[in-house]
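Biologist: I would like to learn how to read a structure feature by feature. Please give me the general idea each time, and then the case at hand.

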Amino acid sequence: LPNFGSKVLRTSAFENCDSLSGNLSGWGTVLSPITGFGSLFYKDAASSNPNFNFVFQVTAGPLTQTFNNSTDFNNPLDNWDVSNASGFTATFSSATSFNQDISGWDTGNSGAFNSMFSGASSFNQNISSWNVANATTFSQMFQGATLFNQPVGAWTTTSLTNLFSTFKNAAAFDQDLANWDVSGVTTAVDMLTGSNISAANWDALLIGWAAQGTGA
C-alpha cells in the first residue's frame, strides 16, 4: 500500500479516476486514521467501484460533491468519521448505484444537505437517526431519489429555512412529516411535487404545519 506520509487527504484526490479499482480500505486505521477534507474526492468517476472504507476523519469543511456522478460506486463508507463536516452539498448526487448503510454517520455539525442524494436513484437506507438539528437547507436533498422512502419524520428541523424541491420526483416517498419544525422555513416550493405522498400524510402535514403558523 502507498505511504501517505502525513496521511492528510486532499481535495479532488481521485476525481475522474474511471479506472481505479481494488480494496483501499487498509489505508487508514483506528490507530492511524487518514484526516483531511474529501470534497470532490471521487467526483465524476463513472465506471469503477473501489473500496474506500479506510478510517477517514473529516478535519473541517464540507464533503462537497465527494461522490457526485460516480455512477458505479457502491461500497461501504461506515468507517468515515464525518462529525466535523460542515455540509454535504451534492455528496452523492447522481451516484446512481450507491445504496450503503451510512446511518451511523454523525451529521450534527452540518448546516447544508442540499442536493445530497439528488438523482441517487438506488439509495434507500434508513437515516432516520441522523442529527440534522443544525441544518438550514434541505434544498433538492432527495430530488429524483426514486427509491427513497424512509421515516425521517422525527428529524429535529428547528434550524431549517429552505425546503425547495426536497422530495421532488422522489417517486416512492410517502412519509409523515407533520412534526417537522418549519417555523423558520421561507420556501417549500415543489417540496413534494412528483412524490408518492398519500392523502393521509399530506393532510397531516398541512394540519401540523398550519398549527405552527408558518407561511411556507
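Modeller: Start with exposure: a residue is buried under 20% relative accessible area, exposed over 50% and partly exposed in between, computed with a 1.4 Å probe on protein chains only. The model is predicted, so local features need pLDDT of at least 70 and side-chain atom pairs count only at pLDDT 80 or more, while totals for chains, interfaces and linings use all residues. Residues are numbered from 1 along each chain as its sequence is written, and side-chain values use heavy atoms, with hydrogens and water left out.

Biologist: Is Asp-190 buried or partly exposed?

Modeller: Asp-190 is partly exposed, because its relative accessibility is 29%. The residue sits in the loop between β4 and α1. Its phi is positive, near 60 degrees, although Asp-190 is not a glycine.

Biologist: What is the phi of Asn-16?

Modeller: Asn-16, also not a glycine, has a positive phi of about 65 degrees. Asn-16 belongs to the loop between β1 (8-9) and β2 (34-36). With 46% relative accessibility, Asn-16 counts as partly exposed.

Biologist: What do the names β1 and α1 stand for?

Modeller: They are DSSP runs numbered from the N terminus: helices are H or I runs of at least four residues, and strands are E runs of at least two. In this model, four strands form an open sheet in the order β1-β2-β3-β4, with parallel pairing. Two strands pair if DSSP finds at least two bridges between them. The edge strands, β1 and β4, each pair on one side only. β2 and β3 run parallel and are joined over three bridges. Ile-34 stands opposite Phe-56 in β3.

Biologist: How many salt bridges does the structure hold?

Modeller: Side chains of opposite charge can pair when their charged atoms come close. The cut-off for a salt bridge is a side-chain nitrogen of Lys or Arg within 4 Å of a carboxyl oxygen of Asp or Glu. The structure holds two. In one, the side chains of Lys-43 and Asp-44 meet at 2.7 Å, N to O. Lys-43 counts as buried, because its relative accessibility is 14%. Asp-190, which we have met, forms a salt bridge with Lys-168, and their closest N and O atoms are 3.8 Å apart. That pair links distant parts of the chain: both residues are in the loop between β4 and α1, 22 residues apart. Lys-168 is partly exposed, with a relative accessible area of 24%.

Biologist: Which residue shares a polar contact of 3.1 Å with the side chain of Asn-53?

Modeller: A polar contact is a pair of N or O atoms within 3.5 Å; within protein, one must be able to donate a hydrogen and the other to accept it, and residues adjacent in sequence count only if both atoms are side-chain atoms. For Asn-53, the partner is the side chain of Asp-78. A polar atom of the Asn-53 side chain also lies 2.9 Å from the backbone nitrogen of Asn-79. Asn-53 is in the loop between β2 and β3 (56-58) and is buried, at a relative accessible area of 9%. Contact in general means heavy atoms within 4.5 Å. Leaving aside neighbours within four places in sequence, the residues in contact with Asn-53 include Ser-25, Pro-76 and Trp-80.

Biologist: How many aromatic pairs does a search of the whole structure find?

Modeller: Rings of Phe, Tyr and Trp (its six-membered ring) pair if their centres lie within 6.5 Å; planes under 30 degrees apart are stacked, over 60 edge-to-face and the rest tilted. The search finds 40 pairs. The ring centres of Phe-138 and Trp-180 are 5.7 Å apart and the planes lie at 65 degrees, so this pair is edge-to-face. Both rings belong to residues in the loop between β4 (80-81) and α1 (199-210), 42 residues apart. Phe-138 and Trp-180 are both buried. Phe-167 and Phe-173 are stacked instead, at 3.9 Å centre to centre with 10 degrees between the planes. Phe-167 and Phe-173 are buried too.

Biologist: Which residues touch the most other members of the largest nonpolar core?

Modeller: Such a core is a set of buried Ala, Val, Leu, Ile, Met, Phe, Trp, Tyr and Cys residues joined through side-chain atoms within 4.5 Å. The largest has 55 residues, and Phe-52, Phe-117, Trp-130, Phe-167 and Trp-180 touch the most other members. β3 and α1 each supply at least two residues of this core. Beyond four places in sequence, Phe-117 is in contact with residues including Phe-92, Trp-130 and Met-141.
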